[in-house]
Amino acid sequence: MSEHAGTSGDRVRRDARWDAHRRRAGMVQDLRERGAIGAAAVERAMSTVPRHRFIPEVTVRTAYQDVVVVTKRDSAGEAVSSASQPAVVAQMLGQLDVRPGQRVLEIGAGTGYNAALLAELVGPEGSVTTVDLDADTVNRARESLDAAGYRRVRVVQGDGERGFADGAPYDRIIVTVGTWDLPPAWWDQLAEGGILVVPLEIRSSEHSIAFEYVGGVLRSRSIICCGFMPMRGIGAHGTQTVELSAGRILTFHADKEVDAAGAQGVLDERGTSVWTEVAVRLGEDMAQLALWLACAFPGCGRMSAPFGDHGQFRLLLRWANPAVVDGRDFAYVACRRSGDGSDAEVGVRGHGPNASALARKLAEQVRAWDRLCREDVRLRIDAYRSEVGPTVDGRFVVPKLHSRLAIQAV
């Protein structure tokens, strides 16, 4: 009887391992076919690390779907920790370009899954350190890494803004929480020629930026759209949310530095429209336009709505639609479909006493983006420490507490 039970149990475990292997292979194949995985080393790492072991609160099937899994909530029910979407994980690891034998620092331990992938990438001669502010998260990551066979990964409780000096300089630093700034410790702990990958927020437009550190300047190598839970601790930087219309779920999200009071209820007023003659394909990635406008306007933020239409207008982006507030005036990007429905024209809708002037300014920047930053042209962001003198040049310059960003099309 006991022998039969043991044989049956072994068979169940074998079947479970095979199911996990099959689903992991399917996830990797899907990510490769969609272009999220480009590097062979990243593909091997994601084919090796058992993601389901790091998120036991969901089924194996869910663990290998391309979805975010929330792993901790605060007392108010807000998500404070999660396992990131595998496609974003793969893209950011591609940006990081880890080589065997390198030293890597991760800011934000999460479940420990990303640190395990990094351990696969650096190999036995490299080292991985992951830092997190939250004791529960640190303990969970440590236990999961140990159980999955990644005991070499160092897991440290600490404030990510300070990095981790013991082990610096690092060849690579990756940040897996949304951050508003580039604190001094990350500059100090990154080796010359090293790469920093960070989900950086620029006026409510968040992008994962891969910076190469050369001669005291962080120069962007690639920029992809993303969305992460915000950094906590001393690097936390709050945002504000303003209702745009009474009784409707239309909101404007902006940096706390922005005077957003003028956006309150503004959509209840009559508006004006400016059409740009700029055509975009349906389904075209508009992240670069959102970033361009965020750099161009100090009062830029993002507008969200649970539906795509607002009267006769359609929001260009449903949850992160570019919008600008300037005093009592507010303007947002919209679009209208062409006759055959194959593409759409970008326009601007303005509200407020001087809405037409603000709408025209926003429309002109849309045209500038179309003229200077389409097809093979991309934006480049050079980050300088805040104490650098007035030599910071770019089409746009965005000041922050510890850094200044110079942005231009190249």
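Two strands are said to pair if DSSP finds at least two bridges between them. The exercises below apply this to a predicted model.

**Exercise 1. Determine how strand 6 is joined to strand 7, and which residues are bridge partners.**

Solution.
Step 1. Strand 6 comprises residues 170-175, and strand 7 comprises residues 190-202.
Step 2. Between these two strands there are 4 bridges. At least two are required for pairing, so strand 6 and strand 7 pair, and they run parallel.
Step 3. Tyrosine 170 has leucine 190 of strand 7 as its bridge partner. Arginine 172 is partnered by isoleucine 195, also in strand 7.
Step 4. The connection passes through helix 7 (residues 184-189), and strand 6, helix 7 and strand 7 together make a right-handed β-α-β unit.

**Exercise 2. Identify the strand that joins strand 6 in 4 further parallel bridges, and place both in their sheet.**

Solution.
Step 1. Strand 3 (residues 103-107) is joined to strand 6 by 4 bridges, and the two run parallel.
Step 2. Valine 104 has arginine 172 of strand 6 as its bridge partner, while leucine 105 is partnered by isoleucine 173. Arginine 172 is thus a bridge partner of valine 104 as well as of isoleucine 195.
Step 3. The open sheet has 10 strands in the order 5-4-3-6-7-8-9-19-21-20, with mixed pairing. Its edges are strand 5 (154-157) and strand 20 (396-399), each of which pairs on one side only. From one strand to the next, the twist averages 20°.
Step 4. Helix 5 (residues 113-122) lies across strand 3, strand 4 (127-132) and strand 6, and runs at about 165° to strand 4. Helix 6 (residues 135-147) also packs on the sheet, where it touches strand 4 and strand 5; its direction makes about 170° with that of strand 5.

**Exercise 3. Describe the hairpin of strand 7 and strand 8.**

Solution.
Step 1. Strand 7 is joined to strand 8 (residues 205-214) by 8 bridges, and these strands run antiparallel.
Step 2. Across this pair, leucine 200 stands opposite histidine 207 of strand 8.
Step 3. The hairpin has 2 residues between the strands, and arginine 203 takes a positive phi near 50° in it.

**Exercise 4. Establish how many residues of strand 6 and of strand 7 are buried.**

Solution.
Step 1. A residue is buried when its relative accessible area is under 20%.
Step 2. In strand 6, 6 of the 6 residues are buried, so this strand is largely enclosed by the rest of the structure.
Step 3. In strand 7, 11 of the 13 residues are buried, and the strand is mostly covered.

**Exercise 5. Classify threonine 176, isoleucine 55 and arginine 371 as buried or exposed, and describe their surroundings.**

Solution.
Step 1. Threonine 176 lies in the loop between strand 6 and helix 7. Its relative accessibility is 18%; because this is under 20%, threonine 176 counts as buried.
Step 2. Leaving aside residues up to four places away in sequence, threonine 176 touches Glu106, Ile107, Gly108, Asn114 and Phe228. A polar atom of the threonine 176 side chain lies 2.8 Å from the backbone oxygen of glycine 108.
Step 3. Isoleucine 55 is found in the loop between helix 2 (40-48) and helix 3 (60-63). With 1% relative accessibility, isoleucine 55 counts as buried. Again leaving aside residues up to four places away in sequence, isoleucine 55 touches Ala63, Val69, Thr71, Ala83, Thr111 and Arg140.
Step 4. Arginine 371 belongs to helix 9 (residues 355-372). Its relative accessibility is 54%; because the limit for exposed is over 50%, arginine 371 counts as exposed. Arginine 371 and valine 278 are 93 residues apart in sequence, but 9.3 Å apart in space, C-alpha to C-alpha.

**Exercise 6. State how many disulfides the structure holds, and examine cysteine 300 and cysteine 335.**

Solution.
Step 1. A disulfide is a covalent bond between the sulfur atoms of two cysteines. The cut-off for the sulfur pair is 2.5 Å.
Step 2. The structure holds 0 disulfides. Cysteine 300 is in none: the nearest cysteine sulfur, that of cysteine 295, is 8.9 Å away.
Step 3. For cysteine 335, the closest cysteine sulfur is that of cysteine 300, at 17 Å, which is too far for a bond.
Step 4. Both cysteines are buried: cysteine 300 has a relative accessible area of 1%, and cysteine 335 one of 7%.

Technical notes:
Residues are numbered from 1 along each chain as its sequence is written. This is a predicted model: local features need pLDDT of at least 70, side-chain atom pairs count only at pLDDT 80 or more; totals for chains, interfaces and linings use all residues. Side-chain values use heavy atoms; hydrogens and water are left out. Buried means under 20% relative accessible area, exposed over 50%, partly exposed in between (1.4 Å probe, protein chains only). Contact means heavy atoms within 4.5 Å. A crossover is right-handed if, with the strands pointing away from the viewer, the path from the first strand over the helix to the second runs clockwise. A polar contact is a pair of N or O atoms within 3.5 Å; within protein, one must be able to donate a hydrogen and the other to accept it, and residues adjacent in sequence count only if both atoms are side-chain atoms. Axes are lines fitted to C-alpha atoms, for helices over the stretch in contact, and angles run from 0 to 180 degrees between N-to-C directions.
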